[in-house]
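Please open the model in your viewer and keep the sequence panel beside it. The tour below proceeds by selections, each followed by a description of what is to be found there.

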Amino acid sequence: MVLIYYEGKEVSQVKVNGKDFFASDLRIATRNLDASLIKTVQVYRDKGESKKQ
């Protein structure tokens, strides 16, 4: 199983041009994205995510 992490947290979605990209299976998404075609990567936090102290 392929897991993607950013700053120690698991990535739950991959979007391409703002649209879900293989939302049901991140393995399919990551295997079908050619790295040479990716210009920019942006990371968004869930709006409901709260900071734990």
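**Starting at Val11**

Begin by selecting Val11, which sits in the loop between strand 2 and strand 3 of what is, throughout, a predicted model. With a relative accessible area of 23%, Val11 is classed as partly exposed, because the buried class is reserved for values under 20%. Display the surroundings of Val11 next: once its neighbours within four places in sequence are set aside, this residue is in contact with Ile4, Tyr5, Tyr6 and Leu26. If you draw a distance from Val11 to Leu26, the C-alpha atoms are separated by 8.9 Å, and the two residues are 15 residues apart along the chain.

**Along strand 2 to Glu10**

Now move to Glu10, which belongs to strand 2. Which residues is Glu10 in contact with, leaving aside its neighbours within four places in sequence? They are Leu3, Ile4 and Tyr5. Glu10 has a relative accessibility of 49% and is therefore counted as partly exposed, since the exposed class begins over 50%.

**The whole chain**

Zoom out and colour by secondary structure, so that the 1 helix and 4 strands of the chain can be picked out. Followed along the sequence, these elements give the pattern β-β-β-β-α. Colouring by accessibility is a useful second view: of the 53 residues in the chain, buried residues make up 8%. The chain exposes about 5,300 Å², and 50% of that area is supplied by carbon and sulfur atoms. Where contacts between residues at least 6 apart in sequence are considered, 30% of them join residues at least 24 apart.

**Two loops with positive phi**

Select Glu7, in the loop between strand 1 (5-6) and strand 2, and inspect its backbone: phi is near 50°, which is a positive value in a residue other than glycine. Is Glu7 buried or exposed? Its relative accessibility is 54%, so Glu7 counts as exposed.

Go on to Asn17, in the loop between strand 3 and strand 4. Asn17 also has a positive phi, of about 55°, although it is not a glycine. The relative accessible area of Asn17 is 76%, and this residue is therefore exposed.

**The salt bridge**

Show the side chains of Lys15 and Asp20, which meet in a salt bridge with an N to O distance of 3.8 Å. A search of the whole structure finds 1 salt bridge, and the pair satisfies the criterion because the nitrogen must lie within 4 Å of a carboxyl oxygen. What is the relative accessibility of each partner? Lys15 has a value of 47% and so counts as partly exposed, while Asp20, at 45%, likewise counts as partly exposed.

**The largest pocket**

Turn on a pocket display and look for the largest pocket, in which about 1,100 Å³ of space lies. How many residues line the largest pocket, and which of them lie nearest its centre? The lining consists of 25 residues, and those nearest the centre are Gln13, Val14, Lys15, Gln42 and Val43. Lys15, already selected for its salt bridge with Asp20, is thus found again in this lining, because it has an atom within 4 Å of a point of the pocket. If you colour the lining by residue class, it divides into 11 nonpolar, 7 polar and 7 charged residues. Strand 2 (9-10) and strand 3 (15-16) each supply at least two residues of this lining.

**From the pocket centre outward**

Keep the pocket in view and select Gln42, which is found in the segment after helix 1 (26-31). At 56% relative accessibility, Gln42 is counted as exposed. A line drawn between the C-alpha atoms of Gln42 and Lys15 spans 9.7 Å, and these residues are 27 residues apart along the chain.

As a last stop, select Ala23, in the loop between strand 4 (19-20) and helix 1. Ala23 counts as exposed, with a relative accessibility of 52%. From C-alpha to C-alpha, Ala23 and Gln13 are 6.2 Å apart in space, and the two are 10 residues apart in sequence.

Conventions
Residues numbered from 1 in each chain as written. Predicted model: local features only at pLDDT ≥ 70, side-chain atom pairs only at ≥ 80, totals over all residues. Heavy atoms only, no water. 1 Å grid on protein atoms, 1.4 Å probe; cavity = no way out; pocket = protein on both sides within 12 Å on 5 of 7 lines; lining within 4 Å. Points joined across faces, edges and corners; volume = space filled by probe spheres on them. Nonpolar A, V, L, I, M, F, W, Y, C, P; charged D, E, K, R; others polar. Buried < 20%, exposed > 50% of the residue type's maximum accessible area, 1.4 Å probe, protein only. Contact = heavy atoms within 4.5 Å. Areas by Shrake-Rupley, 256 points an atom, 1.4 Å probe, with all protein chains shown as cover.
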